[in-house]
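Student: I would like a close look at one strand and its partners. Please take me through the pairing step by step, then set it in the context of the whole chain.

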Amino acid sequence: MLLANATLAGTEDARPHGLIPRGAVAIEGERIAWAGAEAELPARLAGLERLDLEGRLVTPGLIDCHTHIVHGGNRAREFEMRLEGASYEEIARAGGGIVSTVTATRAAGEDRLLAEALPRVDALIAEGVTKIEVKSGYGLDMETELAMLRAARRIAQVRPVRVRTSFLGAHAVPPEYRGRPDAYLDEVCLPTLDAAHAEGLADAVDGFCEGIAFDTVQMARVFARARAVGLPVKLHAEQLSNIGGARLAASFGALSADHLEYADEGDAAAMAAAGTVAVILPGAFYTLRETRLPPVTAFRAHGVPMAVATDCNPGSSPMTSLLLAMNMAATLFRMTPEECLAGVTRHAARALGLADSGVIGVGMRADLAVWDVESPAELTYRIGFNPLWTRIFGGRL
């Protein structure tokens with residue numbers, strides 16, 4: 001298939017947005033065979049079936065690189081409580097927050113978890129998303145954590161989307177282990193990590209490094225086990241305070257450190273040296289009414305790649321629009337439209353360790369989005385409007 005008469009963005013071209021006007025993309029099977037100015041199309045590809053895009057914008061398929069999209073129940077009451085003045089930490093310490101979702105998730109079962117996740121997945125697919133990261137972390141026992149990961153894997157069997165899974169057993173301390181976090185790690189989290197790896201259910205290992213969750217010493221134990229079984233790591237770090245999570249992540253060569261509102265210049269330098277992506281999550285910032293901004297200027301100065309994601313979860317970011325996340329990243333954090341588009345394509349792919357995605361280039365997977373817009377900036381600029389014209393997944397419309 002030849003996508004012709006198109007405007008390309010997200011290519012390897014040096015121009016802003018990687019923009020190539022009057023461009024074309026040749027697709028053979030599931031891969032991109034060629035991309036560039038249509039006038040330079042190689043003769044051997046001229047006979048491909050031609051789809052005239054009439055000048056429409058083609059970007060890499062969008063990637064939501066941080067979600068908790070598989071979960072049970074909702075936390076609408078906590079939303080009300082926050083509006084009444086309660087803080088995230090106060091709700092969590094009163095038995096709400098993550099622990100309340102644990103109760104609903106444990107009661108759901110694998111089939112129901114999948115069924116409840118699919119409408120949220122469909123909302124992302126409808127916005128041109130072709131890859132989604134899904135975390136466990138709302139089971140906090142072996143049975144439910146594995147059920148969450150199995151449900152996440154099944155998403156890719158029933159929807160045209162690629163799924164990457166992260167084991168997030170170190171998300172919170174469950175009620176039955178309250179006050180005994182190390183016992184929870186020894187008796188539940190680490191054995192479940194081993195079981196998830198043995199069953200092929202986890203592509204990475206994540207954790208929540210925060211005063212209300214696990215400290216750096218405890219997270220280092222989890223990461224050491226991940227390293228022992230050959231799994232890369234990621235980390236929720238510096239969301240509510242700075243306790244050294246970002247530097248710990250960097251010391252383990254983490255794919256990403258996420259949230260990062262309380263990260264500082266030293267964290268940015270450590271992440272840059274390690275090649276760790278900063279995943280910016282404006283949905284949680286907005287929902288929790290935070291005021292501390294992530295150090296975007298420091299990330300720029302040190303050359304830290306910045307990804308953008310929804311953080312779709314039932315508590316702090318009940319959001320299923322990656323386009324809205326892009327707008328929020330620009331409006332709240334002053335990221336540029338070019339940074340936002342790179343943040344949901346090339347840098348999001350890097351945050352998931354996907355070397356074959358996120359860029360329109362030869363050999364990359366033909367996961368693409370076609371938009372009815374005049375410029376790439378429109379994808380970040382508009383609020384509540386979806387200009388997707390069509391989506392291509394694995395070379396198929």
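Tutor: This is a predicted model. Start with the pairing of strand S1. Four bridges, written 4 in the count, join S1 to strand S2, residues 20-28. The two run antiparallel. One pair to find on screen is Leu8 with Ile20, its bridge partner in S2.

Now turn to S4, residues 50-52. Here 3 bridges make the link to S1, and the strands run parallel. Leu3 of S1 faces its opposite number, Leu51, in S4.

Strand S5, residues 57-60, is also joined to S1. This pairing has 2 bridges and is parallel. Look for Thr7, which stands opposite Leu57 in S5.

Next, burial. S1 covers residues 2-8, and 6 of its 7 residues are buried. The strand is therefore largely enclosed by the rest of the structure. The cut-off behind that word is a relative accessible area under 20%. In a regular strand, side chains alternate between the two faces of the sheet.

Now widen the view. The protein has 15 helices and 15 strands. Of its 397 residues, 58% count as buried. A compact globule with 397 residues would have a radius of gyration near 21 Å, and the protein has 21 Å, so the two agree. Along the principal axes, the C-alpha atoms fill a box of roughly 65 × 40 × 40 Å.

Contacts tell of the chain's long-range links. Among contacts with a separation of 6 or more, 71% are between residues 24 or more positions apart.

The surface comes next. The accessible area is about 14800 Å², and carbon and sulfur atoms hold 51% of it. As for charge, there are 38 positive and 49 negative side chains. The centres of these two sets lie 1 Å apart.

Finish with a single residue elsewhere in the chain. Ser136 sits in the loop between strand S7 (129-135) and helix H5 (142-158). Despite the loop setting, Ser136 is buried, with a relative accessible area of 0%. Beyond its neighbours within four places in sequence, Ser136 is in contact with several residues, including His68, Glu145, Met148 and Leu149. Ser166, Phe167, Leu168 and Gly169 are also among the contacts of Ser136. Thr165 is 29 residues from Ser136 along the chain, and their C-alpha atoms are separated by 7.8 Å.

Definitions and conventions: Residues are numbered from 1 along each chain as its sequence is written. This is a predicted model: local features need pLDDT of at least 70, side-chain atom pairs count only at pLDDT 80 or more; totals for chains, interfaces and linings use all residues. Side-chain values use heavy atoms; hydrogens and water are left out. Buried means under 20% relative accessible area, exposed over 50%, partly exposed in between (1.4 Å probe, protein chains only). Two strands pair if DSSP finds at least two bridges between them. The radius of gyration is taken over C-alpha atoms; the globule rule is 2.2 Å times the number of residues to the power 0.38. Contact means heavy atoms within 4.5 Å. Accessible areas come from the Shrake-Rupley method with a 1.4 Å probe; for residues, only the protein chains shown count as cover. Lys and Arg count as positive and Asp and Glu as negative; His and the chain ends are not counted. The place of a charge is taken as NZ of Lys, CZ of Arg, CG of Asp or CD of Glu.
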